[in-house]
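Biologist: I should be grateful for a close look at a single part of this model, and then for an account of how the rest is put together around it. Please give the values on which each statement rests.

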There are 2 protein chains.
Amino acid sequence: MKIAIALFDRFTALDAVGPYEVLSRLPGAEVTFVGEREGVFRTDVGSLGIEVGATFAALADPDVMLVPGGPGVDEMVSNVPLRAWIQRAHRTSTWTASVCTGSLVLGAAGLLEGLRATTHWLQREALARYGATPSKERVIFEGKIVTGAGVSAGIDLALALAGRIAGETVAQAIQLGIEYDPEPPFAAGSAEKAPPAVVELLRERARSRFQARG
Amino acid sequence: MKIAIALFDRFTALDAVGPYEVLSRLPGAEVTFVGEREGVFRTDVGSLGIEVGATFAALADPDVMLVPGGPGVDEMVSNVPLRAWIQRAHRTSTWTASVCTGSLVLGAAGLLEGLRATTHWLQREALARYGATPSKERVIFEGKIVTGAGVSAGIDLALALAGRIAGETVAQAIQLGIEYDPEPPFAAGSAEKAPPAVVELLRERARSRFQARG
């Protein structure tokens with residue numbers, strides 16, 4: 001089973017590596033990081049670089065494809081090679097997935113028209129631009145397309161997907177293997193649960209960032 | 001604030017990248033992956049390679065140091081350069097942390113003598129070899145030493161640490177930024193919660209692996 005995770009500059013590390021950690025443990029899984037060129041792609045904060053295992057051209061027909069999010073999505077929504085790879089790979093994939101703002105890239109490639117989809121909580125409105133219906137759920141299955149909410153939701157998405165691919169027992173064994181029994185030290189993981197001042201802080205930062213890029 | 005995450009061959013990706021995603025968002029944080037040599041280190045399953053930003057020699061005095069786990073720990077518990085780096089860096093660190101079986105490496109370096117510590121649930125007994133008292137908690141603070149349970153516990157550890165370093169509001173903002181509001185699709189994240197057959201499956205695999213390496 002060929003699993004491809006797309007990389008690009010300024011991706012968010014956990015968007016890609018959460019699903020990697022789960023999906024790479026599936027029996028017969030062969031996970032490859034793919035990118036427009038060979039070499040290393042760097043995260044949003046720059047200090048983590050992951051090496052690509054194949055170019056888009058070299059892995060055009062994965063069984064499972066996943067697009068992470070991150071600030072680089074600003075450019076990736078109009079990146080022609082990534083869009084072409086997504087459209088090509090989606091024609092033959094068994095599962096097409098995104099984490100966080102990766103769903104905006106799927107949307108820009110025309111995959112989410114008329115579908116319910118999720119993304120990072122600060123970017124839900126942006127999904128509507130691509131004809132999708134934004135929803136607050138953490139993981140949304142629409143046929144073979146699976147979208148996950150922000151960053152850490154990729155772990156939940158990948159475990160749910162592992163269950164669909166290999167059955168519940170295999171998915172549970174993976175969950176136990178990565179000891180995924182979360183105990184967040186604060187109740188601040190969603191805009192509904194976090195203190196209002198914290199929510200406002202992040203909204204304000206998102207507005208500044210939007211204004212900065214004009 | 002200099003944050004160093006140690007890399008070695010056959011590390012487990014999420015052990016390192018979960019904490020990276022959280023700690024790199026701390027104000028003033030400069031996260032560097034460090035290793036015995038320059039270049040790329042590969043995970044246990046081999047398909048993910050992370051590039052080192054500095055050698056051990058080049059970053060001997062981080063404020064925060066973190067050692068991930070993974071199958072490579074089998075060799076790392078007796079790796080001289082890693083041990084020397086840990087011992088040197090721990091003398092001046094503000095926080096010394098491990099995720100998963102990374103705690104065995106801290107133990108082998110003599111840091112856990114007489115302390116309570118945690119690790120991957122299948123490896124708790126191994127901690128006692130190094131004079132530590134194994135405990136089931138997900139994250140354990142003992143003075144400036146912080147140990148986390150298996151793989152995904154690194155996210156909880158890093159958020160707790162972020163709270164100690166920068167205060168609760170900053171940690172909550174990071175948690176909301178990575179939308180860490182986990183919804184595991186199965187109740188299988190600990191040996192207490194998972195179906196007994198799944199627990200036995202993983203115990204059996206661990207025994208085979210132990211026998212295979214003699």
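Modeller: Let us begin with Ser78(B), which is exposed, at a relative accessible area of 51%. Exposed here means over 50%, so the value of 51% places Ser78(B) in that class. The model is a predicted one, and the values that follow are computed from it. Ser78(B) belongs to the loop that runs between helix H2 (73-76) and helix H3 (80-92) of chain B. A separation of 8.8 Å lies between the C-alpha atoms of Ser78(B) and Ala109(B), although 31 residues part them along the chain.

Gln175(B) offers the opposite case: its relative accessible area is 1%, and Gln175(B) is buried. This residue is part of helix H7 of chain B. Which residues does Gln175(B) touch, leaving aside those up to four places away in sequence? In chain A they are Pro184(A), Phe186(A), Ala187(A), Ala188(A) and Gly189(A). Within its own chain they are Leu159(B) and Tyr180(B). The surroundings of Gln175(B) are thus drawn from both chains.

This leads to the interface as a whole. Contact between the chains involves 66 residues of chain B and 66 residues of chain A. The size of an interface is often expressed as the accessible area that is lost when the parts come together. For chain B and chain A the buried area is about 5,400 Å², and carbon and sulfur atoms supply 61% of it. On the side of chain B, the residues that lose the most area to chain A are Leu176(B), Glu179(B) and Phe186(B), which together make up 15% of what that side buries.

Polar and charged groups also meet across this boundary. The rule finds 4 salt bridges between chain B and chain A. One of the salt bridges in the model pairs Arg42(A) with Glu51(B), whose closest N and O atoms are 2.4 Å apart. Polar contacts join 38 residue pairs between the two chains, counted where both residues have pLDDT 80 or more. Several elements of chain B give two or more residues to the side that touches chain A: helix H1 (13-23), strand S2 (30-35), strand S3 (40-42), strand S4 (49-51), helix H6 (153-166), helix H7 (168-177) and helix H8 (196-212). The largest share, 8 residues, is provided by H7(B), the helix that holds Gln175(B). Sorted by class, this side of chain B has 34 nonpolar, 18 polar and 14 charged residues.

We may now turn to the partner chain. Chain A has 8 helices and 11 strands. Its radius of gyration is 16 Å, close to the 17 Å that the globule rule gives for 214 residues, so chain A is as compact as a globular protein of that length. The C-alpha trace of chain A spans about 45 × 40 × 40 Å along its principal axes. Of the 214 residues in chain A, 59% are buried. Among contacts in chain A between residues at least 6 apart in sequence, 62% link residues at least 24 apart.

Salt bridges complete the description. Over all chains, the search of the whole structure finds 22 of them. In chain A, the side chains of Glu137(A) and Arg116(A) form one of 2.2 Å, N to O. Glu137(A) sits in the loop between strand S9 (133-134) and strand S10 (139-142), while Arg116(A) is in strand S8 (residues 116-117), so this pair ties together parts of chain A that are 21 residues apart in sequence. Both partners are partly exposed: Glu137(A) has a relative accessibility of 37%, and Arg116(A) has one of 33%.

Another salt bridge in chain A joins Arg207(A) to Glu204(A), with 3.0 Å between the closest N and O atoms. These two residues lie in helix H8 (residues 196-212) of chain A and are 3 residues apart, about one turn of the helix. Arg207(A) is partly exposed at 38% relative accessibility, as is Glu204(A) at 40%. With Glu200(A), they are linked in a network of salt bridges.

In chain B, Arg207(B) forms a salt bridge with Glu200(B), and the closest N and O atoms are 2.7 Å apart. Arg207(B) is partly exposed, with a relative accessible area of 38%, and Glu200(B) is likewise partly exposed, with a value of 38%.

Definitions and conventions. Residues numbered from 1 in each chain as written. Chains lettered and ligands numbered in written order. Predicted model: local features only at pLDDT ≥ 70, side-chain atom pairs only at ≥ 80, totals over all residues. Heavy atoms only, no water. Contact = heavy atoms within 4.5 Å. Buried area = accessible area lost by both parts, 1.4 Å probe. Polar contact = N/O pair within 3.5 Å; in protein donor to acceptor, adjacent residues only side chain to side chain. Helix = DSSP H or I, 4+ residues; strand = E, 2+ residues; numbered from the N terminus. Nonpolar A, V, L, I, M, F, W, Y, C, P; charged D, E, K, R; others polar. Rg over C-alpha atoms; globule rule 2.2 N^0.38 Å. Buried < 20%, exposed > 50% of the residue type's maximum accessible area, 1.4 Å probe, protein only.
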